[in-house]
Number of protein chains: 2
Amino acid sequence: MTRVTLAIDAMGGDFGPCVTVPAAMQALASYPHLHILLVGDPDIIMSFFAKADSATLARLDVIPAESVIASDAVPSQAIRHSRGSSMRVALELVKAGRAQACISAGNTGALMGLAKLLLKPLEGIERPALMTVLPNQQAGKTVLMDLGANVDSDSTMLVQFALMGAVMAEEILAVASPRVALLNIGQEETKGLASIREAAGILRQTPEINYIGYLEGNDLLTGKTDVLVCDGFVGNVTLKTLEGVVRMFLSLLTSQSEGKKRAWWMPLVARFVKKRLSKRFGHLNPDQYNGACLLGLRSTVIKSHGAANQRAFAAAIEQAEQAVRRQIPERIAARLQAVLPKSD
Amino acid sequence: MTRVTLAIDAMGGDFGPCVTVPAAMQALASYPHLHILLVGDPDIIMSFFAKADSATLARLDVIPAESVIASDAVPSQAIRHSRGSSMRVALELVKAGRAQACISAGNTGALMGLAKLLLKPLEGIERPALMTVLPNQQAGKTVLMDLGANVDSDSTMLVQFALMGAVMAEEILAVASPRVALLNIGQEETKGLASIREAAGILRQTPEINYIGYLEGNDLLTGKTDVLVCDGFVGNVTLKTLEGVVRMFLSLLTSQSEGKKRAWWMPLVARFVKKRLSKRFGHLNPDQYNGACLLGLRSTVIKSHGAANQRAFAAAIEQAEQAVRRQIPERIAARLQAVLPKSD
């Protein structure tokens, strides 16, 4: 398989190298064609190398960076003072062609801004958007976007999101002619925000997109669509609501039952049944689909949850590997060329 | 206890009188001080009276109405042709003082528009808002609004929602000085839509409100706040997302486990454990908290889910009873007088 090189902002996120370095090792062990550039404080990063074998280390380079952008920094200020930070250096490695994609668990706004600044949007894309792939009840998957790259979006942006989402569904989910829906507060045509109704009008007249209409929040996991498009504010709140509920259920499942004396074997059996249930719900665990992909740039950038653990951050690295291998940016560019009105 | 009279749009919703009439009987059996006016086609409504005892029927009146507003009608058109419809007649009974609140599972937009037209907003309220009370992880409850009465909302409206929500939390949840938060896509002050940031600025300077800042979607059920305020689009999508996930979990819990031969007693024990889990999750079942309250009018209007079953519609009736008994509209009016700048 062709070599894939990824740049990781090793210092970003709530746990920094404690999570990013072991996750990188895990990804390297799974993908023999993968090379990783870990960007950050070399001493700290290398202190996590102790347990690694030499074969893994041979596919790992450490790129020094002096500073870290704080997770709670105001993005505009963080970007202004970003020179030499692990996030920026990681993105610059992509820009210089030394890596094909970048992964960071750091400040979302700063990552978005810097990525746009350094990697440039594709021709025809006004604003990049954050995308994730959610599991659904039909044992399939659903592409959801925008998740917060843009606070609000006009109809043109929503249509561009729909186009990019359709390419993702084709390439990553291997769905031919993926169904595309707009997230709205009712299924009737007259419902919702003007931007959504306008986007619906355009999508209905775009033969390259298999537009199926509006869906509501309760259809997020039902698998009625392959791509679900909304503005960044709504997408962010929706995804976080979903994650909150799923985490609550999983914690209730694994917590001890309260009170009442039962037969001695009951707790054992209960634990067994709950374990099986957890497994069944496990595909909905947010850790499994961590990693939002910033679409619409000339290269791939993956934003991991700030609070990602090793398993979750490894999932984000895998997403980057997949996006590079499937040539997502190139395919989106080609689709845009075919569909969007010529700019000149 | 003082007599409470409620008007029910018996024909509204997906199942009409099949659900509304038995639910009314159920509510009458639980609340001896309750009287109900069932509005709609007398023949159909009375065909469900067979099993009722005479004591219950004594507190029940049927008010004839010729037509029904279709659930999928365009609200503006439905309102224009609403004369004589069960929904409108039910609201007119409240306007005329014959009932103190109205419950309908019919067309949301039409109900909202007609209610505003007939029952008038309270002084100082620009737009009524839909509110619901959600269970949370802390075994407490959270007031969430707006759920879709308004598609988008400016900062003044959000502040008014916050005020009304705080009164609800005090009266219905019996929380002194309830915490009020704005739903946003980050906790930093600089995040989100301009309307939300402006509302935050006003709320911080309103001593009558215990404003605690922004919360994100994943805090919907954590009990970190007593009142969570957002615009109607976001609230609608959030609530429906929540309902979709909870229903999916509950259905997975009650569904048969797949495959593999096990000891004969295993399915029995599994069923027992799942039943207990279902009970534990039961308070999150959307049926339990059905009924969104339209706040900001001179009387109480409760919107039930169109697809509500008997139990869920009965919960909506109970909400109306409670709102009347607690004098919610009067208390909101008093609070508005105290807080809002005088209009003259």
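The following exercises, each with a worked solution, concern a predicted model with chains A and B.

**Exercise 1. The side of chain B that touches chain A**

Determine how many residues of each chain take part in the contact between chains A and B, and which helix of chain B gives the most to it.

Solution. Begin with the count: 41 residues of chain B are in contact with 41 residues of chain A. Next, look for the elements involved; α9 (232-254) and α10 (266-281) of chain B each supply at least two residues of this side of chain B. The greatest contribution is that of α9(B), with 15 residues. Finally, sort the side of chain B that touches chain A by class, which gives 20 nonpolar, 12 polar and 9 charged residues.

**Exercise 2. The nonpolar core**

Identify the residues with the most contacts inside the largest nonpolar core, and list the contacts of L38(B).

Solution. The largest nonpolar core has 227 residues. Within this core, L38(A) and L38(B) have the most contacts. For L38(B), set aside the neighbours within four places in sequence; the contacts are then I8(B), A10(B), V21(B), A24(B), I45(B), L60(B), V62(B) and I63(B).

**Exercise 3. Two helix pairs**

Classify the packing of α7(B) with α12(B), and that of α7(A) with α8(A).

Solution. In chain B, helix α7 (residues 155-172) packs against helix α12 (residues 328-339) at an angle of about 130°, and their axes are 10 Å apart. An angle between 115 and 145 degrees is neither roughly perpendicular nor roughly antiparallel, so α7(B) and α12(B) are oblique to each other. Their crossing is right-handed. From α7(B), the residues L163(B), M164(B), V167(B), M168(B) and E171(B) meet I328(B), R331(B), I332(B), R335(B), L336(B) and V339(B) of α12(B). By class, this contact has 8 nonpolar, no polar and 3 charged residues.

In chain A, helix α7 (residues 155-172) and helix α8 (residues 194-204) pack at about 50°, with axes 8 Å apart. The pair α7(A) and α8(A) is therefore also oblique, and its crossing is right-handed. On α7(A) the contact involves S155(A), L158(A), V159(A) and A162(A); on α8(A) it involves S195(A), I196(A), E198(A), A199(A), I202(A) and L203(A). These residues comprise 7 nonpolar, 2 polar and 1 charged.

**Exercise 4. The loop between β6 and α7**

Decide whether S153(B) is buried or exposed, and state which peptide bond at D146 is cis in each chain.

Solution. S153(B) lies in the loop between β6 (141-145) and α7 of chain B. There are 27 other C-beta atoms within 10 Å of S153(B); since 20 or more suffice, S153(B) is buried. Beyond the neighbours within four places in sequence, S153(B) is in contact with D146(B), L158(B), S195(B), D231(B) and G232(B).

D146(B) is in the loop between β6 and α7 of chain B, and the bond joining M145(B) to D146(B) is cis, with omega about -5°. In chain A, the bond from M145(A) to D146(A) is cis, with omega near 0°; D146(A) is likewise in the loop between β6 (141-145) and α7.

**Exercise 5. The backbone at K120**

Give the sign of phi for K120(A) and K120(B), and the exposure of K120(A) and K120(B).

Solution. Most residues other than glycine have a negative phi. K120(A), however, has a positive phi of about 65°, and phi of K120(B) is positive, near 65°. K120(A) is in the loop between α6 (108-119) and β5 (129-135) of chain A. Because 15 C-beta neighbours lie inside 10 Å, K120(A) counts as partly exposed. K120(B), in the loop between α6 (108-119) and β5 (129-135) of chain B, counts as partly exposed with 15 such neighbours.

Notes. Residues numbered from 1 in each chain as written. Chains lettered and ligands numbered in written order. Predicted model: local features only at pLDDT ≥ 70, side-chain atom pairs only at ≥ 80, totals over all residues. Contact = placed C-beta atoms within 7 Å. Helix = DSSP H or I, 4+ residues; strand = E, 2+ residues; numbered from the N terminus. Nonpolar A, V, L, I, M, F, W, Y, C, P; charged D, E, K, R; others polar. Core = buried A, V, L, I, M, F, W, Y, C linked by C-beta atoms within 7 Å. Buried ≥ 20, exposed ≤ 12 C-beta atoms within 10 Å, placed from the backbone. Axes fitted to C-alpha atoms, helices over the stretch in contact; angles between N-to-C directions. Parallel < 35°, antiparallel > 145°, perpendicular 65-115°, else oblique. Left-handed = near helix turned anticlockwise from the far one by under 90°.
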